[in-house]
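Dear colleague,

I am handing over the structure we spoke about, with the sequence alongside it. Please open it first, and then read the notes below with the model in view.

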Amino acid sequence: MTNQSITAMNIEKPEYDIKIYQIDTTHYEFKKNELNGNADIINYIVKKHREKVNKADENFRLFPNKIDGIEYYTYSYTEEKETYWKNFIPETLSKTHDFSVKLISFVLFACIENNIYAIVGGGGSRVIIRYQYQRFGLDFFEHITDLDEEVLSIEFRGISGKLSKRKDIFKDGLKLIDVLNFTNIPSKINIKLKQEIKDSVFSFIDFTDRTTIIEIGSYFNIKHKISFNNLHNIFITINEISKGKDKKKLTSFVEIKDKGSIKDVYKKELIFVLFNYMNELFSPGRTDFPKHPEIEFVHPSNIQDFYESDLYVFKLKDINKKFEFRDKEKLLYQGLKIIYENYENLDLIEFRRIISGLWLYGLRKNKTLTKGVFLDHIICELNIENKPIFQIDTRWFKVEDNFTTSINELCNRMIELNYLDQDILTEKWDFSKNEDEGCYNRKYHSKENYWVFDKALGQNIELCDILYESDNALYFIHVKKGFDGKIRDLSNQIQVSAARFNNDVSSGNLIFIKQVIDSYNNRVENKNKLIDKKTFISKLTNKNKRIEFVMAFKSDAIKTPLVKGNVESIKSNIAKYSLIQCVREMNMLSFPIKIVEIP
């Protein structure tokens, strides 16, 4: 190993805008392979990449160069690819020419103490992406911010029913503290770097007088060209500052990084809950009214396509057979039923093995839109040691101590402010008669000014369960039994429906609305109350009537039959922040949302 000094090297080289990553040294593969130290981890990462590109060599190993206390490892490789021009130009014109190009990629690893940082060039991100710490840039920024920075844009993933990642772009002058939302998890933020931080944290960089932007997410990126000397000092600065305990949190949710706890505690608890639920549903000793666990079932990264799929296919790892279903609402039930009916005398250990190999595919018109492991579709809240633990989109989170108090206060306020005082839903929902949502909705079929659109689909999406028309408004009512994890699903349904309805009316093509009306008229139970398409479209697009979407639910908790005024007694945090975020999202769609508790 060579040992050099930055000063002695007197580096005067080009400057670049560079993204800095960090390797997650707690990754389960490192522990599984008993890797000791930075050198073993880096060479393992490189070995895995070389195996993927068919350049495996057991004797290949990187060795460090030490510069002012930092051990650097450099890995580079070339790939030969054909440019897109070869496919663009007809073969008669391209066949005599060589369109191949050599692409050079590299990764520079920088090791300080037990931390491994990295920068990449070309396609080098493919080398580290599996092993990088996904929240590195955000985590470091929490050490240096006072949340008073001017924010330009923020991307976040919703923990409360977001249909996809969303990016908000803001006008000049808006502060970061004004846009943070404790029910969301930021994934990327662009911020103006304050002069105080330039002068204190990054005093070794000549920023001149220009505005400097930083982008933080899985990486930390100062959008300003820097030299290697600057980069070297940034590595040192990040490493030192990250040792501090004082942080300003960007979200109430803290991702759990301890892979051992996730595997040995949280996932085992989730599988135990599913195992018990399966037996409550299907075993000879099952109950008439099994308690649905705090679970929502949806694809972890592609919710929109999951909702628009018209066929869902289960595949088990060790059974060469497909199981097809069309009802999205019963996929959790059907997945557990498949396991129960295809394996005898299941114990918990065997159940864990089988459910880990159950896959689900979402198709539309025979084209696969989504796929994923059954367990990865689960959004859940578990109570472990009297603290809420969440699995959201395959990742695990805990919350700050003040989370429960904050969410209770805000949820109470949202319900009070948006509660619909008019009695538009007057029929009682009798759980003792085992009435499901479909049964309840049909109670309004014969009522004047009500139309039951339950299961009437346009583009495989429901407009609403019940439509009610008053003298000055149309109410698109979405109904759900229980105030628990299913409220997240209800929130998704409302937002998808509202977005699709808004798009139809704004564009004027009305494809979605027309398909919903056709689907309604084609259902046998609606033959005595058919809709004239032209008249009804005129009703839906009448600008003199306001449109209001309604979130309607009835708590099935014996101790808390009414949610309004009793939010603190409700256990489901997923339900609470789903309601909060749904109200906020609908306000941005310019559709006011109302909340109703069904009698």
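The protein contains 20 helices and 27 strands, and please keep in mind throughout that this is a predicted model. According to the domain assignment, the protein is divided into domain 1 (20-252), domain 2 (259-398) and domain 3 (402-597). Between the centres of domain 1 and domain 3, taken over C-alpha atoms, there are 43 Å.

On overall dimensions, the C-alpha atoms fill a box of roughly 90 × 70 × 60 Å along the principal axes. The radius of gyration of the protein is 28 Å, which agrees with the value near 25 Å that a compact globule of 599 residues would have. Of those 599 residues, 53% count as buried. As for how the chain meets itself, if one takes the contacts between residues at least 6 apart in sequence, 68% of them join residues at least 24 apart.

The feature I looked at in some detail is the second largest pocket, which holds about 1,300 Å³ of space. Where does the second largest pocket lie with respect to domain 1 and domain 2? Because domain 1 (20-252) and domain 2 (259-398) both give residues to its lining, the pocket lies between them.

The lining of this pocket is made up of 31 residues, and those that lie nearest its centre are Y28, K259, I262, K267 and T394. Three elements, α2 (28-32), α11 (259-282) and β20 (395-399), each supply at least two residues of the lining, and it is α11 that gives the most, with nine residues. Sorted by class, the lining of the second largest pocket has 14 charged, 10 nonpolar and seven polar residues.

One further residue that you may wish to find in the model is N544, which sits in the loop between α19 (533-540) and β26 (546-554). Is N544 buried or exposed? With a relative accessible area of 72%, N544 is exposed, since residues count as exposed when that value is over 50%. Although N544 and N472 are 72 residues apart in sequence, their C-alpha atoms are 7.3 Å apart in space.

With kind regards

Note on methods
Residues numbered from 1 in each chain as written. Predicted model: local features only at pLDDT ≥ 70, side-chain atom pairs only at ≥ 80, totals over all residues. Heavy atoms only, no water. Domains from an automatic or database assignment. 1 Å grid on protein atoms, 1.4 Å probe; cavity = no way out; pocket = protein on both sides within 12 Å on 5 of 7 lines; lining within 4 Å. Points joined across faces, edges and corners; volume = space filled by probe spheres on them. Helix = DSSP H or I, 4+ residues; strand = E, 2+ residues; numbered from the N terminus. Nonpolar A, V, L, I, M, F, W, Y, C, P; charged D, E, K, R; others polar. Rg over C-alpha atoms; globule rule 2.2 N^0.38 Å. Buried < 20%, exposed > 50% of the residue type's maximum accessible area, 1.4 Å probe, protein only. Contact = heavy atoms within 4.5 Å.
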